[in-house]
Structure formats: C-alpha cells, structure tokens
Amino acid sequence: MHSGDWRALANCRGNTKLFFPPRAERPQARARREAKANRLCTDCVVHLTCQQFARGNHEYGFWASESEEERHLAGYTVAAPIGVRTRIAREAN
C-alpha cells in the first residue's frame, strides 16, 4: 500500500463535511459536528496513520479525533488554529 491508500480504509470516507467547519459555524454546532466526527474516528483502523498525517502536514479540520487547536496544544505546528485565531481576534478588540 502506498502512502495515499490509507484514506480508502478510513471510516470517514464520504463524510468529509463532518471534519471541516462551514463558514461562520457557531461553537455549539462545531461541538455537535466534531462529536459526530469523533464517533467515526474512535474505531477507525487508520486512526494513527491519519493522526500522523494531520500532525506532519499541519492540516486544518478534525483529523483522528483532534481539532487544529488540539494539535497545536500538543506541540504540533499549525499555521492558525481556529481557537487561537479566535482568541487573538478577541484580544485585538
């Protein structure tokens, strides 16, 4: 199996809308969406591969039960995690 084939085995295949926020998503809607996404991640056979990919490629969205902010807080570089971006915007006002 080459590096891209793991995605074909993922539980989320065909459900990518759950893993990426729509524009202007409210916090409560995000929590519900990520809870649904997390249920797919929990028993996924490629969970670890997905997590390593997201962390190594500085991905946005919800990957392997982690949001951008969670990856950032775990020490992985993310250009602008949503939670951090929101806090910075609030502090600027």
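Visitor: Helices here are DSSP runs of H or I with at least four residues, numbered from the N terminus. How many helices and strands does the protein come to?
Guide: This is a predicted model. Its secondary structure comes to four helices and zero strands. Read from the N terminus on, the order is α-α-α-α.

Visitor: What share of the residues counts as buried?
Guide: The protein has 93 residues, and 29% of them count as buried.

Visitor: And contacts between residues at least 6 apart in sequence: what percentage join residues at least 24 apart?
Guide: That figure is 34%.

Visitor: Let's try pockets. What volume does the largest pocket have?
Guide: About 270 Å³.

Visitor: Which residues lie nearest its centre?
Guide: Trp-6, Ala-10, Cys-12, Cys-50 and Trp-63 do. The full lining of this pocket counts 19 residues.

Visitor: Which helices each supply at least two residues of that lining?
Guide: α1, residues 27-42, and α2, residues 47-56, each do so.

Visitor: How does the pocket lining split by class?
Guide: There are 13 nonpolar residues in the lining of the largest pocket, along with four polar and two charged.

Visitor: New topic. How many cavities of 30 Å³ or more does a search of the whole structure find?
Guide: One. The largest cavity has a volume of about 40 Å³.

Visitor: Which residues line it, nearest the centre?
Guide: Arg-30, Arg-33, Glu-34, Gly-61 and Glu-68 lie nearest the centre of the largest cavity. They are among the ten residues of its lining.

Visitor: Where does the largest share of that lining come from?
Guide: From α1, with three residues.

Visitor: What about classes in the cavity lining?
Guide: Four residues there are nonpolar and four are charged. Two are polar.

Visitor: On to the core. Which residues make up the largest nonpolar core?
Guide: Eight residues do: Trp-6, Ala-10, Cys-44, Val-46, Cys-50, Ala-54, Trp-63 and Ala-64. In soluble globular proteins, nonpolar side chains tend to be buried together.

Visitor: Take Ala-10. Which residues does Ala-10 touch, not counting those up to four places away in sequence?
Guide: Cys-44 and Val-46. Ala-10, Cys-44 and Val-46 are listed in the largest nonpolar core. Ala-10 also lies among the residues nearest the centre of the largest pocket.

Visitor: Now the rings. How many aromatic pairs are there?
Guide: The count comes to four. One of them joins Phe-19 and Phe-62, a tilted pair with 6.3 Å centre to centre and 40 degrees between the planes.

Visitor: Where do Phe-19 and Phe-62 sit in the chain?
Guide: Phe-19 is in the segment before α1, and Phe-62 is in the loop between α2 and α3 (68-73). They are 43 residues apart, and the pair links distant parts of the chain.

Visitor: Are Phe-19 and Phe-62 buried or exposed?
Guide: Both are buried.

Visitor: Why is the pair of Phe-20 and Trp-63 edge-to-face?
Guide: The ring planes of Phe-20 and Trp-63 stand at 80 degrees, with the centres 6.3 Å apart, so the pair is edge-to-face. Angles over 60 degrees get that label. This pair also links distant parts of the chain: Phe-20 lies in the segment before α1, Trp-63 in the loop between α2 and α3.

Visitor: How accessible is Phe-20?
Guide: Phe-20 has 37% relative accessibility, so it counts as partly exposed. Trp-63 has a relative accessible area of 12% and is buried.

Visitor: Which residues do ring pairs link into a cluster?
Guide: Trp-6, Phe-20, Phe-53 and Trp-63. Trp-6 and Trp-63 also appear in the largest nonpolar core.

Note on methods: Residues numbered from 1 in each chain as written. Predicted model: local features only at pLDDT ≥ 70, side-chain atom pairs only at ≥ 80, totals over all residues. Heavy atoms only, no water. 1 Å grid on protein atoms, 1.4 Å probe; cavity = no way out; pocket = protein on both sides within 12 Å on 5 of 7 lines; lining within 4 Å. Points joined across faces, edges and corners; volume = space filled by probe spheres on them. Nonpolar A, V, L, I, M, F, W, Y, C, P; charged D, E, K, R; others polar. Core = buried A, V, L, I, M, F, W, Y, C linked by side-chain atoms within 4.5 Å. Buried < 20%, exposed > 50% of the residue type's maximum accessible area, 1.4 Å probe, protein only. Contact = heavy atoms within 4.5 Å. Phe/Tyr/Trp six-rings, centres within 6.5 Å; stacked < 30°, edge-to-face > 60°.
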